[in-house]
Amino acid sequence: MEYIALTGIADSLIEILKKHHLRTLEIRSPQNFVGVLGLNAGDNVLLTSTSLQDLTNGTQGLIAKVVQKQISVHSIVSSNDFYIEEREAMSARIQLQCRCMARVRNVISNELGKPVRVDAREISCYEAR
């Protein structure tokens, strides 16, 4: 089945999601942010600790269901007597519900500025590599 993949997610976060089944993540990395923009509530997403550059066939990850998504903009203004600087940063908060473990069969799309798409299949805990 085809999924949008969020890469470089901390192993500890994936373990927490496995144990608690429902967690909210704040996504700030540009590539994962683009992926979250392509998701809606009810969609499934693959989370993996593997970096974007190392994502290959056989990579393991966690499939989670998107319960809720929220996009926010943070504006920061700093100034002194000589200048005023304003910066904006966008982030996404997604609430995820753990479904199962999966293994990537094929990386469909791994282009900069587009969501990472993979073909993955669910795996059972007793399945050998």
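These notes cover charged pairs and polar side chains in a predicted model.

1. **Salt bridges overall.** The structure holds 8 salt bridges. Points 2 to 5 take up some of them. Buried polar side chains follow after that.

2. **Lys 18 and Glu 15.** This salt bridge sits inside one element. Both residues belong to helix 1, which spans residues 11–20. They are 3 residues apart, about one turn of the helix. The closest N and O atoms are 2.9 Å apart. Neither side is buried: Lys 18 is partly exposed, at a relative accessible area of 28%, and Glu 15 is partly exposed too, at 37%.

3. **Glu 26 and Arg 93.** Here the side chains meet in a salt bridge at 3.8 Å, N to O. The pair links distant parts of the chain. Glu 26 lies in strand 2 (residues 22–27), while Arg 93 lies in strand 5 (residues 84–109). The two residues are 67 residues apart. Glu 26 has 36% relative accessibility and counts as partly exposed. Arg 93 also has 36% and is likewise partly exposed.

4. **A network around Glu 26.** The pair in point 3 does not stand alone. Arg 28 joins Glu 26 and Arg 93 in a network of salt bridges. When you look at Glu 26 in the structure, view these three residues together: Glu 26, Arg 28 and Arg 93.

5. **Glu 122 and Arg 99.** These side chains meet in a salt bridge of 2.9 Å, N to O. This pair, too, links distant parts of the chain. Glu 122 is in strand 6 (residues 116–123) and Arg 99 is in strand 5, with their positions 23 residues apart in the count. Glu 122 is partly exposed, with a relative accessible area of 42%. Arg 99 is partly exposed at 40%.

6. **Arg 103.** Is this strand 5 arginine buried or exposed? Arg 103 is buried, because its relative accessible area is 13% and the cut-off for buried is under 20%. Asp 119 is 16 residues away along the chain. The C-alpha atoms of Arg 103 and Asp 119 are separated by 8.7 Å.

7. **Gln 31.** This residue is found in helix 2, residues 30–37. Gln 31 is buried, with a relative accessible area of 12%. What do its side-chain polar atoms lie beside? One partner is the backbone oxygen of Glu 111, which lies 3.3 Å from a polar atom of the Gln 31 side chain. Another is the backbone nitrogen of Gly 113, at 3.4 Å from a polar atom of that side chain. Setting aside neighbours within four places in sequence, Gln 31 is in contact with Leu 52, Glu 111, Leu 112, Gly 113, Lys 114 and Val 116. Glu 111 and Gly 113 therefore appear both as backbone partners and in the contact list, given that contact means heavy atoms within 4.5 Å.

8. **Asn 32.** Asn 32 also has its place in helix 2. It counts as buried at 6% relative accessibility. A polar atom of the Asn 32 side chain lies 2.8 Å from the backbone oxygen of Thr 7. Not counting residues up to four places away in sequence, Asn 32 touches Ala 5, Leu 6, Thr 7, Ile 9 and Ile 27.

9. **Where to look.** For charged pairs linking distant parts of the chain, start with Glu 26 and Arg 93, then Glu 122 and Arg 99. For buried polar side chains in helix 2, see Gln 31 and Asn 32.

Definitions and conventions. Residues are numbered from 1 along each chain as its sequence is written. This is a predicted model: local features need pLDDT of at least 70, side-chain atom pairs count only at pLDDT 80 or more; totals for chains, interfaces and linings use all residues. Side-chain values use heavy atoms; hydrogens and water are left out. A salt bridge is a side-chain nitrogen of Lys or Arg within 4 Å of a carboxyl oxygen of Asp or Glu. Helices (H or I, at least four residues) and strands (E, at least two) are DSSP runs, numbered from the N terminus. Buried means under 20% relative accessible area, exposed over 50%, partly exposed in between (1.4 Å probe, protein chains only). A polar contact is a pair of N or O atoms within 3.5 Å; within protein, one must be able to donate a hydrogen and the other to accept it, and residues adjacent in sequence count only if both atoms are side-chain atoms.
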